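Thanks for coming. I have one structure to go through today, so let me put it on the screen.

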Amino acid sequence: MQKNVLKNLCQLCAVTALLFSQASVWAETIHEERSKYRDITVTQVGDRRCLLFNVHRGDRNQTCMMVDDRDLLVFDYTRMSFSGMLLQPEPESILVIGLGGGSIPMTFADMFPNAKIDVVEIDEAVVRVAEEYFYYSDTDNMTVYVDDGRPFIKRAGIRGQTYDYIVLDAFSGDYIPEHMLTREFLEEVKSIMTADSVLVANTFSTSRLYDHESVTYQRAFGEFYNFKLPTSGNRMIIAQLGTLPPRGELVEESRRIAASLEKYGVPLSDYPRRLTTRVDWDMSRRELTDQYSPGNLLRDN
Amino acid sequence: MSKKQARVLPRSVIASLAFVSGFCIMTIEMLGARILSPYFGGSLSVWGSIITIFMLALSLGYLLGGRLSTKNPNAITYAMFFIGAGAFSLPVILFADPIMEPIFMAIEDPRYGSLFASIFLFFIPTSILGMISPYSVRLMVESEEHSGHMAGLLYFVSTLGSAVGTLGTSFYFVLWFEVNQILWGAVFSLVLAGVVILLSSYLKNLKSANRSATYAKKRA
């Protein structure tokens, strides 16, 4: 009995000590601004620098970077964006919709210095913050465009431009751009893809929107790989124009290239077994179209 | 001092119609962003374009509607505002893509692209909807003394309609219906409002004709 009390007391001490040590390394805000679209905050804890949107409304980190090891990708969802390499290991042209702290395009630029990389970000303040605090900068081959993703892709399609690797990462904020969830948008995305291109879309894994989005992607692409990790709230959709390669090929591919992704912290060889084409959504849900796309209302329900 | 005039329409009818017009204006405006976003995106400037064009169109409509109300205010003109606004909203439903496509191709900057698209899609129907308010005031006012009272009542009702239209569209309609279905609803309501005006003015004329006939009979 007494032993127990002592043990509890010790635990209490440990917890208190932990709390105090946490407090001493509490996130320091190094930059705050209110842009046209959101509140932007940059914080730093030790070597870990993070970009946050709308902190007051309880949003999570958009992106984090280790200042002393800038190659390392901190979040599952940024690492998961590279899962498309299992299907397209050597992209020559890359499109990233949504800049954030710039870690996805910078990793691509580091991996493929000769690839042409276009980044589209709607908020010029985010571009500025990425440049000032996250070491992002345009290069000869990498350009960030301040534009909305949908007209950018529509225009690229009309010009007949295609990309080998497309990352859609515009949905992690507080507000969902509903016009980039629709069937018509996905058709426009398809128009900038070739048979070898891969699309990796960071989407919602919770709420009714998951069903609606899955139905819409399936109508547009047919079967796609659904990629979830137990440690992450994100769901990646990996899609191609033609039929998907069997998982066996992905395993081989991961063996071949996993080593090159190690320094970024991407556990690529762990990914193939997480990919599935199994339907785990309600297929009777309505497809999202330009006529019907209440994404922001569906998320809350 | 006040000069009494026969009313063309019952006040309750005019007030309800002003509600309908306010409702439809905001329903169409709220859907405007949804209609433009496939071409011009969802940036703040697209909302800016839409609101600017709606405000300009309404202001011109107020001016013209007020001017028109000075000459022989009558129910048929009033009805035509509703039916005309409904008819000129049809291109938003039927030809939105052929209207926006050439603008999208010609103008790279989404700010000016969305501004021009808003002009071509929304300017005319919104101007006509703007004519309804001053004309309604004229139809409701019988004497100088209560003109302010009537104007206030109309602003109240039509702005209330706008509030309900905004909330209904953004909270519920987009969840229940397709964009074009909602627009068809607005067009239908406007045309129906026009028909109601024509009918009730016809009935009123009939009644007053009967009354004067009875009066004439009594005199005889």
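I'll begin with chain B. Among its contacts between residues at least 6 apart in sequence, 86% join residues at least 24 apart. Keep in mind that this is a predicted model.

What is chain B built from? It has seven helices and zero strands, so to read it along the sequence is to read α-α-α-α-α-α-α. The C-alpha trace of chain B spans about 75 × 35 × 30 Å along its principal axes. Of the 220 residues in chain B, 44% are buried.

Look at helix 7 of chain B, residues 179–219. This helix has 41 residues, and from first C-alpha to last it reaches 60 Å, close to the 60 Å expected at 1.5 Å a residue. Which of its residues are buried? They are B:Val179, B:Ile182, B:Leu183, B:Ala186, B:Val187, B:Leu190, B:Ala193, B:Gly194 and B:Ile197. Those buried residues pack against three other helices of chain B: helix 1 (11–40), helix 3 (75–94) and helix 6 (147–176).

Now to chain A, and its sheet. This is an open sheet of eight strands with mixed pairing, in the order 8-7-6-9-10-12-11-13. Strand 8 (142–146) and strand 13 (275–276) of chain A are the edge strands, and each pairs on one side only. At the strand 8 end, strand 7 of chain A (residues 116–121) runs parallel to strand 8, joined by five bridges. One partnership there is A:Val120 with A:Tyr145 of strand 8.

Helix 7 of chain A, residues 207–221, packs on this sheet. The helix touches strand 10 (198–204) and strand 12 (234–239) of chain A, and its direction makes about 160 degrees with that of strand 10. Does its length agree with a regular rise, or disagree? It agrees, because 15 residues at 1.5 Å a residue should span 21 Å, and the end C-alpha atoms of helix 7 of chain A are 22 Å apart. Its buried residues include A:Leu209, A:His212, A:Glu213 and A:Phe221. Just after the helix, A:Gly222 takes a positive phi of about 75 degrees.

Strand 10 of chain A deserves its own minute. Seven of its seven residues are buried. With strand 9 (residues 165–168) of chain A, strand 10 pairs in the parallel sense over four bridges; A:Tyr165 has A:Val198 in strand 10 as its bridge partner. With strand 12 of chain A, strand 10 pairs in the antiparallel sense over six bridges, and A:Thr203 stands opposite A:Arg235 of strand 12.

That brings me to the cores. The largest nonpolar core has 76 residues, and those touching the most other members are A:Ile166, A:Val167, A:Val189, A:Leu199 and A:Ile238. Strand 10 of chain A gives the most to this core, with five residues. What is A:Ile238 in contact with, leaving aside its neighbours within four places in sequence? Its contacts include A:Leu87, A:Val198, A:Val200, A:Phe227 and A:Leu275. A second, separate core has 62 residues, among them B:Leu31, B:Ala79, B:Met100 and B:Phe104.

Last, the place where the chains meet. How many residues does each chain bring to the contact? Chain A brings 13 residues and chain B brings 14. On the side of chain A that touches chain B, six residues are nonpolar, two are polar and five are charged.

Definitions and conventions. Residues are numbered from 1 along each chain as its sequence is written. Chains are lettered from A and ligands numbered from 1 in the order in which they are written. This is a predicted model: local features need pLDDT of at least 70, side-chain atom pairs count only at pLDDT 80 or more; totals for chains, interfaces and linings use all residues. Two strands pair if DSSP finds at least two bridges between them. Helices (H or I, at least four residues) and strands (E, at least two) are DSSP runs, numbered from the N terminus. Two residues are in contact if their C-beta atoms, placed from the backbone, lie within 7 Å. Axes are lines fitted to C-alpha atoms, for helices over the stretch in contact, and angles run from 0 to 180 degrees between N-to-C directions. Ala, Val, Leu, Ile, Met, Phe, Trp, Tyr, Cys and Pro count as nonpolar, Asp, Glu, Lys and Arg as charged, and the others, Gly among them, as polar. A residue is buried if 20 or more other C-beta atoms lie within 10 Å of its own, exposed if 12 or fewer, and partly exposed in between; C-beta atoms are placed from the backbone. The expected span of a helix is 1.5 Å times one less than its number of residues. A nonpolar core is a set of buried Ala, Val, Leu, Ile, Met, Phe, Trp, Tyr and Cys residues joined through C-beta atoms within 7 Å.
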